[in-house]
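Please open the structure in a viewer and keep the sequence panel visible. The tour proceeds by selection, one stop at a time.

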Amino acid sequence: MHKLLSVMLLLAATWPALANETTYRKHIRPVWEEQCERCHGASAPDYANFMKNPRQYELDDKGPRMDSYESLLFFVKGPEAGLLMLRLDDGGRDGQPGNMYRHLGRKEERKENLALFKKWIGEEAWILKKTGDITQEDLQRITARE
Ligand code: HEC
């Protein structure tokens, strides 16, 4: 009985982690190809080069390149941690949505895709903070599986 109880407790503790099977490859990449690639794909400059001349790239509809799992993580929990969440968020009830939110698709699709990104990062981990304000604990909560 004792053993059974501890097994059940263990299961309960790991359940949220097991339940988040949202992965970059299976779920995020297809949305990215459909909605983000034309501006953030292989023909876009990498972050360092983008930052040398952001205005000019913006005029060409090019943002920094995010065409791999690693280069996307750069904006999730890397040097520019939190930026992806700020840009994709719908702003909740009264806030302004991030400026990439509208690229998530039309109407229902947009909401579904936002929900998918949230699931991938982790519902608990989804925060709207500037990179400099993000803590180690914030980063550790982020799932964002490959
Ligand atoms: C029509 C072109 C276009 C599309 C489509 C687009 N973006 Fe962007 N994105 C840009 C440009 C240009 C910038 C840089 C200007 C700025 O920061 O707003 C940018 C900036 C960003 C940034 C901030 C990067 C930084 O360092 O400033 C993130 C994160 C981002 N986009 C994510 C996405 C995601 C995710 C998608 C798909 C859902 C997407 N974008 C779709 C053009 C686009």
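The stops below go from the whole chain to its core, then to one helix, and finally to the ligand.

**The whole chain**

Begin with the protein chain in cartoon representation, bearing in mind that this is a predicted model. Its secondary structure consists of nine helices and zero strands. Along the principal axes, the C-alpha trace spans about 65 × 35 × 30 Å. The chain has 146 residues, of which 19% count as buried. Among contacts between residues at least 6 apart in sequence, 52% join residues at least 24 apart.

**The nonpolar core**

Next, select V76, L88, F117 and I121. These are the residues with the most contacts inside the largest nonpolar core, which has 18 residues. Two or more residues of this core are given by each of α7 and α8 (107-121), and the largest share, four residues, comes from α8. Now centre the view on F117. Which residues is F117 in contact with, leaving aside its neighbours within four places in sequence? They are I28 and L88.

**Helix α8**

Select residues 107-121 to isolate α8. A distance check between its end C-alpha atoms should give 22 Å; at 1.5 Å a residue, the 15 residues of α8 should span 21 Å, so the two values agree.

Colour the buried residues of this helix: N113, L114, F117, W120 and I121. Because they cover an arc of only 120 degrees around the axis, they lie on the same side of α8. Which elements are included in what covers these buried residues? Display α2 (24-35) and α7, both of which are included in that cover.

Then rotate to the face turned away from the buried side of α8, where the exposed residues K107, E108 and E112 are found. Just after α8, select G122, which takes a positive phi of about 115 degrees.

**The ligand and its shell**

Finally, select the ligand and the 20 residues around it; C36, C39, G63, M100 and H103 come nearest. How do the residues of this shell divide by character into nonpolar, polar and charged? Nine are nonpolar, five polar and six charged.

To see which helices contribute, display α3 (37-40) and α7 (83-88), each of which supplies at least two residues of the shell. The largest share, four residues, comes from α7. The tour thus ends on a helix already visited, since α7 also gives two or more residues to the nonpolar core and is part of what covers the buried residues of α8.

Notes
Residues are numbered from 1 along each chain as its sequence is written. This is a predicted model: local features need pLDDT of at least 70, side-chain atom pairs count only at pLDDT 80 or more; totals for chains, interfaces and linings use all residues. A residue is near a molecule or strand if its C-beta atom, placed from the backbone, lies within 6 Å of it. Ala, Val, Leu, Ile, Met, Phe, Trp, Tyr, Cys and Pro count as nonpolar, Asp, Glu, Lys and Arg as charged, and the others, Gly among them, as polar. A residue is buried if 20 or more other C-beta atoms lie within 10 Å of its own, exposed if 12 or fewer, and partly exposed in between; C-beta atoms are placed from the backbone. Two residues are in contact if their C-beta atoms, placed from the backbone, lie within 7 Å. A nonpolar core is a set of buried Ala, Val, Leu, Ile, Met, Phe, Trp, Tyr and Cys residues joined through C-beta atoms within 7 Å. The expected span of a helix is 1.5 Å times one less than its number of residues. The arc is that of the directions from the helix axis to the C-beta atoms.
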